[in-house]
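Reader: Please put the structure up first. I would then like to go through the strands and the domain contact.

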Amino acid sequence: MTLRLLKGFALSVDHIRVPICSSAQRLIAFLALQGMPRTRTYVAGTLWPDVTSSRAHANLRSSLWRATRTGHHVIDTSAQELAVSRHVTVDLHDAVARAHRLLDAGRSCDDILTTQTRIDLSADLLPEWLESEWVLMEREQYHQLRLYALESMAERLTALRRHGEAVAAGLAAVRAEPLRESAHRVLVKAHLAAGNRGAALRQYEQCRSILSEELGLEPSQTLKSLLPAPGPRGERHRPPAAGRVPVR
């Protein structure tokens with residue numbers, strides 16, 4: 001049984017999607033994000049913070065019952081605690097593990113420098129669930145982790161001279177957070193390592209434009225120092241503007 005939380009909720013058995021109501025979806029997603037058993041009181045109070053304790057526990061019992069109606073063992077229950085069944089594979093857990101590996105400079109990551117890793121790290125956690133505080137907190141935590149991991153992935157691929165893949169990872173980081181200068185920086189480095197100075201200059205100009213328009217800031221000296229030396233006329237050639245990455 002697999003549980004997908006990246007790009008949206010989906011519970012599947014043998015690649016066949018299991019229909020499940022929204023309240024049970026939220027209970028299963030919440031327990032999956034905890035990564036450990038939680039007491040019924042904690043779960044009820046977090047998922048239904050705006051109602052009385054008795055109402056929250058009633059909602060929890062209802063959601064548990066609806067989860068059992070799928071006909072699959074998704075949640076382990078005891079008198080006090082709840083947890084997602086150990087038989088459920090959660091895509092987020094694997095993506096987080098790969099992100100931490102990418103950020104560990106002492107570990108080899110050749111086996112996970114793949115298109116699938118880039119795709120997984122490009123996806124937000126439950127992007128259409130906007131109203132719950134617990135989702136927003138978990139999403140922001142994963143968002144920051146995946147940004148650092150994508151940047152690390154781009155740098156590792158650049159060092160391995162896998163320039164096309166490095167640019168793709170850098171672009172994914174910029175797309176996820178256009179105002180993040182470090183994402184632009186790894187992308188500029190990837191272009192330069194491939195010998196594409198024009199592409200590097202375009203990326204710098206895009207970063208400069210976005211920072212100026214959105215924040216009134218200039219790129220740091222660290223980013224500027226990466227650029228090719230000025231030409232004979234004493235000015236860096238300014239390439240045609242590339243398509244802007246929309247700011248979130």
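Author: A term is needed before the hairpin comes up: two strands pair if DSSP finds at least two bridges between them. The model is predicted.

Reader: Through how many residues does a hairpin join S5 to S6?

Author: Strand S5 covers residues 75-77 and is joined to S6 by three bridges, with the two strands running antiparallel. One of the matched positions is Asp 76, whose bridge partner in S6 is Ala 83. The hairpin that joins S5 to S6 passes through three residues.

Reader: Which residue in S6 stands opposite Thr 39?

Author: Strand S4 consists of residues 38-39, and strand S6 of residues 81-84. Two bridges join S4 to S6, and the two run antiparallel. Opposite Thr 39, in S6, stands Glu 81.

Reader: What is the strand order in the open sheet of three strands?

Author: The pairing in this open sheet is antiparallel. S4 and S5 are the edge strands, each pairing on one side only. S6 has bridges to S4 and also to S5. The order is therefore, by strands that pair through at least two bridges, S4-S6-S5.

Reader: How far apart do the C-alpha centres of domain 1 and domain 2 lie?

Author: The protein is divided into domain 1, residues 2-87, and domain 2, residues 92-225. Their contact takes 14 residues from domain 1 and 16 residues from domain 2. The C-alpha centres of the two domains lie apart by 32 Å.

Reader: Which three residues supply 50% of the area that domain 1 buries against domain 2?

Author: Between domain 1 and domain 2 the buried area is about 1,300 Å², and carbon and sulfur atoms give 69% of that area. On the domain 1 side, 50% comes from three residues, more than any other three supply. They are Leu 6, Arg 26 and Leu 33.

Reader: How many residue pairs in polar contact does the rule find across the interface of domain 1 and domain 2?

Author: Salt bridges across this interface number zero by the rule. For polar contacts, both residues of a pair are at pLDDT 80 or more. The number of such pairs is three.

Reader: Which element gives the largest share of the side of domain 1 that touches domain 2?

Author: By class, that side has eight nonpolar, four polar and two charged residues. The elements giving two or more residues to it are helix H1 (22-34) and helix H2 (40-47). The largest share, seven residues, comes from H1.

Terms used: Residues are numbered from 1 along each chain as its sequence is written. This is a predicted model: local features need pLDDT of at least 70, side-chain atom pairs count only at pLDDT 80 or more; totals for chains, interfaces and linings use all residues. Side-chain values use heavy atoms; hydrogens and water are left out. Domain bounds come from an automatic or database domain assignment. Contact means heavy atoms within 4.5 Å. Buried area is the accessible area (1.4 Å probe) that two parts lose on being put together, summed over both. A salt bridge is a side-chain nitrogen of Lys or Arg within 4 Å of a carboxyl oxygen of Asp or Glu. A polar contact is a pair of N or O atoms within 3.5 Å; within protein, one must be able to donate a hydrogen and the other to accept it, and residues adjacent in sequence count only if both atoms are side-chain atoms. Helices (H or I, at least four residues) and strands (E, at least two) are DSSP runs, numbered from the N terminus. Ala, Val, Leu, Ile, Met, Phe, Trp, Tyr, Cys and Pro count as nonpolar, Asp, Glu, Lys and Arg as charged, and the others, Gly among them, as polar.
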